[in-house]
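User: I would like the reasoning behind some labels, not just the labels. Can we go through them one at a time?

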Amino acid sequence: MSAIRRILLIDSSDSARTTLFNEISGRAPDLDIIACGNGKEAMTAVKRYEFEIITTSIDLTDIDGYALIEQIRQTPKNKETAIFVVSG
């Protein structure tokens, strides 16, 4: 695990991303939180960084959330990262 603690939030809803970001950053200001609005942005982040936790919606605008999880599991940096599905 990397020295910097990172969380990735993936949701096509601006309000859902903002709510999650505000809740987590308010409780754990030392975390580096990256928020993405679609699967393409998320995969760019997943290939670049190692995350401690990833949250994703299933209903993304450009990819099914389950398919995204399968892609994430194939990346060396995040193949064992905890992934939580968030539904609103």
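Analyst: What follows takes one helix and the cores in this predicted model.

User: What makes Gly39, Ala42, Met43, Ala45 and Val46 of helix α2 buried residues?

Analyst: Buried means under 20% relative accessible area. Gly39, Ala42, Met43, Ala45 and Val46 are the residues of α2 (39-48) in that class.

User: How do you know on which side of α2 the buried residues lie?

Analyst: They span an arc of only 160° around the axis, so they sit on the same side of α2. The face turned away from that side carries Lys40, Thr44, Lys47 and Arg48, which are exposed. Exposed means over 50% relative accessible area.

User: What do the buried residues of α2 pack against?

Analyst: Their partners are β1 (6-10), β2 (32-36), β3 (53-56) and α3 (65-73).

User: Why is the pair Asn38 and Lys40 at the start of α2 called a polar contact?

Analyst: The cut-off for such an N or O pair is 3.5 Å. A side-chain oxygen of Asn38 comes to within 3.1 Å of the backbone nitrogen of Lys40. The pair therefore meets the distance limit.

User: What makes a set of residues a nonpolar core?

Analyst: Its members are buried nonpolar residues, joined through side-chain atoms within 4.5 Å. The largest such core has 16 residues. Leu8, Ile10, Phe51, Ile54, Leu68 and Ile72 have the most contacts inside it. β1, β2, α2 and α3 each supply at least two residues of this core. α2 gives the most, with 4 residues.

User: Which residues are among those of the other core?

Analyst: Leu9, Ile24, Ala28 and Ile33 are among its 6 residues, and this core lies apart from the largest one.

Technical notes
Residues numbered from 1 in each chain as written. Predicted model: local features only at pLDDT ≥ 70, side-chain atom pairs only at ≥ 80, totals over all residues. Heavy atoms only, no water. Buried < 20%, exposed > 50% of the residue type's maximum accessible area, 1.4 Å probe, protein only. Arc of directions from axis to C-beta. Contact = heavy atoms within 4.5 Å. Polar contact = N/O pair within 3.5 Å; in protein donor to acceptor, adjacent residues only side chain to side chain.
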